[in-house]
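Here's a quick briefing to read alongside the model. Keep the 3D view open and follow along as each topic comes up.

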Amino acid sequence: MTAQVVTKTNRRRGLAAVAAALLLVVTAACSDDSSSTGTSATSTTTQAGSAGAEAGAAQIDPGVADRLNEAIEKTMSMAAIPGAIVGVWGPDGDYVKAFGVADKSTGAPMETDFYHRIGSVTKTFTVTGLLQLVDEDKVALDDPISKYVEGVPAGDQITLRQLARMQSGLPNYTANKDFQQALLSDPMREFTPPELLGYAFTQPASFPPGQGFEYSNTNTVLLGLVVEKVSGIPLPEYVSQKILQPLKMADTSFPTTNAFPEPHAQGYTEQTLDEKEAVATDWNPSWGWAAGAMISTLDDLRIWAPALATGTLLQPATQAQRLETVTAPGLASDVGYGLGIFDIAGWIGHNGSLPGYQTVCMYLPETETTVAIMLNTDIPYEDSEPSTALAGAVTEVISPEHIYRLRPEVQNPDASSPATPTPSETPAQAPSTTPAPPTS
């Protein structure tokens with residue numbers, strides 16, 4: 001999620017949120033180029049085998065579908081969102097639809113079977129891996145990070161639980177100006193986990209361990225290293241073997257390069273050195289790694305959201321600990337962050353943001369409803385993430401008593417882009433000439 005608990009008034013969203021697109025809020029300025037934003041919808045199930053297109057799948061009530069169409073198209077127009085894919089699956093039927101364009105230059109439409117960069121939704125996989133190791137008695141949540149990774153400031157005082165719940169106080173590497181400059185100067189550059197941590201550890205802690213909350217991609221990178229060390233398996237392989245394969249999520253991957261399976265949409269961002277819109281489709285996501293590098297599809301997120309929320313791969317006691325949340329400063333009281341997971345008005349899941357792409361993946365246990373949303377822009381709308389606006393519009397229709405709201409009650413969060421952590425992702429920054437970090 002782009003959980004950013006930071007106040008940021010400049011129009012860029014810092015790279016800090018890139019790998020942390022927790023769903024919380026971004027304070028970047030919105031794009032004023034809405035002329036090329038198309039909101040015409042493609043057919044509800046454009047591909048045989050796409051989510052909701054299974055034989056015999058019940059379709060949502062036509063009246064509800066019309067209200068969703070109207071709400072989504074209106075929000076896309078207001079937020080200048082080029083294209084979006086929306087899936088809703090619940091006891092009252094399914095709704096799966098693609099809207100707008102995948103490529104502004106050609107006008108090619110969005111399709112429901114596209115692959116998509118999911119940003120900070122990656123955190124849910126990394127933390128699930130850690131919790132599986134807890135179930136195997138190979139690690140304990142209250143172990144200090146120093147037991148597994150050397151060189152972490154105050155590492156003997158920071159626990160794995162605090163890292164997973166964004167309470168370590170460790171600064172977000174994506175908020176580091178040197179990191180932002182390095183990434184935006186060469187978006188194809190490959191970063192290693194030690195390099196990423198190096199950017200973070202040059203900055204002072206935000207607060208003593210356990211005494212605050214700040215969404216930080218640094219936390220999840222450290223947990224990824226713990227999973228690798230304890231399991232003896234590279235993190236991408238661990239996620240594939242222990243999570244994706246058991247759940248039969250064949251179209252989800254953890255890339256180690258900028259490889260991007262076809263078909264996919266072009267991704268549009270203003271997280272650039274000159275703050276002008278650019279296509280970020282093939283940028284290397286290595287800087288997000290355990291916090292934001294993964295790729296998935298609507299079909300696979302339909303599997304993942306309920307599995308994540310209900311603890312399919314975990315022991316009940318471990319899942320119960322995962323769902324113990326803390327409140328993010330500046331956000332509503334019904335917004336909480338647990339162990340690599342959020343609870344927003346009862347919706348359990350995560351959001352994600354990388355330059356050019358945003359995702360919301362969540363499940364409402366009360367009604368057994370799954371929602372997955374993907375859009376091909378991360379350009380802010382009204383100082384927030386466009387995915388937040390779209391998820392809010394969808395939930396106002398399907399769950400009026402459980403509306404997805406990540407906007408701060410006061411102007412205080414930052415989004416999921418490299419430079420800001422949170423359930424919003426970074427600290428307040430004054431306007432500057434340096435680019436804002438990408439989020440994840």
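A residue counts as buried when its relative accessible area is under 20%. With that cut-off in hand, look at strand β11: eight of its eight residues are buried, so by this definition the strand is mostly covered. Bear in mind that this is a predicted model.

**The big picture**

- The protein chain has 440 residues, and 63% of them count as buried.
- Eleven helices and 14 strands make up its list of helices and strands.
- Take the contacts between residues with a separation of 6 or more: 74% of them link residues that sit 24 or more positions apart.
- About 14,600 Å² of the protein chain is exposed, with 49% of that supplied by carbon and sulfur atoms.

**The open sheet**

- Eight strands line up as β3-β2-β13-β12-β11-β10-β9-β8, giving an open sheet with antiparallel pairing.
- Which strands stand at the edges? They are β3 (93-100) and β8 (326-327); each has a single partner strand, so one side of each has no neighbour in the sheet.
- Helix α9 (residues 298-310) packs on this sheet, where it touches β2 (83-90), β3, β11, β12 (357-364) and β13 (369-375).
- The direction of α9 makes about 45° with that of β12.

**A closer look at β11**

- Both faces of β11 are covered. On one side you'll find Trp347, Gly349, Asn351 and Ser353, on the other Ile348, His350, Gly352 and Leu354, and all of these are buried.
- Strand β10 (residues 342-344) pairs with β11 (residues 347-354) in the antiparallel sense, over three bridges.
- Two matches to find across that pair: phenylalanine 342 stands opposite glycine 349, and aspartate 343 stands opposite isoleucine 348.
- The hairpin of β10 and β11 has two residues between the strands, and alanine 345 takes a positive phi near 55° there.
- How many bridges join β11 and β12? Seven, again in the antiparallel sense.
- Asparagine 351 has valine 360 in β12 as its bridge partner.
- The hairpin of β11 and β12 also has two residues between the strands, and here glycine 356 takes a positive phi near 100°.

**The nonpolar cores**

- In soluble globular proteins, nonpolar side chains tend to be buried together.
- In this model, the largest nonpolar core has 75 residues, and Phe125, Ile145, Leu160 and Trp304 have the most contacts inside it.
- Helix α9 provides the largest share of this core, with seven residues.
- Leaving out neighbours within four places in sequence, leucine 160 is in contact with Leu130, Val139, Ala140, Leu141, Asp143, Ile145, Tyr148, Leu223 and Val226.
- Apart from the largest core lies another one, of 39 residues, including Ala71, Ile81, Tyr337 and Met362.

**Out on a loop**

- Alanine 250 is in the loop between α7 (235-244) and β5 (268-269).
- Is alanine 250 buried or exposed? The cut-off for exposed is over 50% relative accessible area, and alanine 250 has 73%, so it counts as exposed.
- Serine 240 is ten residues from alanine 250 in sequence, and the two are 9.1 Å apart in space, C-alpha to C-alpha.

Terms used. Residues are numbered from 1 along each chain as its sequence is written. This is a predicted model: local features need pLDDT of at least 70, side-chain atom pairs count only at pLDDT 80 or more; totals for chains, interfaces and linings use all residues. Side-chain values use heavy atoms; hydrogens and water are left out. Helices (H or I, at least four residues) and strands (E, at least two) are DSSP runs, numbered from the N terminus. Buried means under 20% relative accessible area, exposed over 50%, partly exposed in between (1.4 Å probe, protein chains only). Contact means heavy atoms within 4.5 Å. Accessible areas come from the Shrake-Rupley method with a 1.4 Å probe; for residues, only the protein chains shown count as cover. Two strands pair if DSSP finds at least two bridges between them. Axes are lines fitted to C-alpha atoms, for helices over the stretch in contact, and angles run from 0 to 180 degrees between N-to-C directions. A nonpolar core is a set of buried Ala, Val, Leu, Ile, Met, Phe, Trp, Tyr and Cys residues joined through side-chain atoms within 4.5 Å.
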